[in-house]
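Morning, everyone. I have one structure to show today, and two topics: a pocket and a set of charged pairs. Let's bring it up.

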Amino acid sequence: LKGRACIQSDLYSLGATLYFLLTGQDPLPLSESRPKEVNNALSDELDSLLADLTRLNKDERIQSAFDLEARLKACWEHLNEQP
């Protein structure tokens with residue numbers, strides 16, 4: 001937004017892309033995305049992950065691909081625990 005590329009801006013873009021893939025809808029520009037509001041079948045963990053990827057304040061976003069990987073693994077493990 002301020003014309004300064006950083007890792008967090010790439011992570012925001014990934015969050016927006018994932019929102020589209022999970023809902024079939026474009027996310028609202030410059031907003032925190034909550035895909036579960038559109039697709040109730042999604043887990044709370046995945047919804048929270050997308051929100052954390054798309055926080056407006058870059059300091060509140062997921063900070064690295066390593067952090068994202070850990071969160072994705074946790075979502076996957078939670079999904080596999082479901083009966």
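What volume does the second largest pocket have? About 180 Å³. Keep in mind that this is a predicted model.

Next, the walls. Which residues line the second largest pocket? From the earlier part of the chain, the lining includes Ala-41, Leu-42, Ser-43, Glu-45 and Leu-46. Leu-72, Cys-75, Trp-76, His-78 and Leu-79 also belong to the lining.

Where do these come from? Helix 2, residues 44-53, gives at least two lining residues, and helix 3, residues 65-81, also gives at least two. Helix 3 supplies the largest share, with five residues.

And the chemistry of that lining? By class, seven residues are nonpolar, two are polar and one is charged.

Now to the charged pairs. How many salt bridges does the count come to? Eight. I'll walk through three of them.

Start with Glu-32. Glu-32 pairs with Arg-34, and the closest N and O atoms there are 3.5 Å apart. Is Arg-34 buried or exposed? Partly exposed, because its relative accessibility is 29%, and the partly exposed range begins where buried ends, at 20%. Glu-32 is also partly exposed, with a relative accessible area of 34%.

Glu-32 has a second partner. Its side chain meets that of Arg-55 in a salt bridge, 2.6 Å from N to O. This pair links distant parts of the chain, 23 residues apart. Arg-55 sits in the loop between helix 2 and helix 3. Glu-32 sits in the loop between helix 1, residues 7-23, and helix 2.

The third one is Arg-71 with Asp-52. Their side chains meet at 2.8 Å, N to O. Why does this pair tie together separate parts of the chain? Because Arg-71 lies in helix 3 while Asp-52 lies in helix 2, and the two are 19 residues apart in sequence.

Look at how the two ends are placed. Arg-71 is partly exposed, at 26% relative accessible area. Asp-52 counts as buried, because its relative accessibility is 13% and the cut-off for buried is under 20%.

Now put the pairs together. Which residues are joined into one network by salt bridges that share partners? Glu-32, Arg-34, Asp-47, Asp-52, Arg-55 and Arg-71.

To recap: a pocket of about 180 Å³, helix 3 giving the largest share of its lining, and salt bridges joining Glu-32 through Arg-71 among others in one network. That's my slot. Over to you.

Terms used
Residues numbered from 1 in each chain as written. Predicted model: local features only at pLDDT ≥ 70, side-chain atom pairs only at ≥ 80, totals over all residues. Heavy atoms only, no water. 1 Å grid on protein atoms, 1.4 Å probe; cavity = no way out; pocket = protein on both sides within 12 Å on 5 of 7 lines; lining within 4 Å. Points joined across faces, edges and corners; volume = space filled by probe spheres on them. Helix = DSSP H or I, 4+ residues; strand = E, 2+ residues; numbered from the N terminus. Nonpolar A, V, L, I, M, F, W, Y, C, P; charged D, E, K, R; others polar. Salt bridge = Lys/Arg side-chain N within 4 Å of Asp/Glu carboxyl O. Buried < 20%, exposed > 50% of the residue type's maximum accessible area, 1.4 Å probe, protein only.
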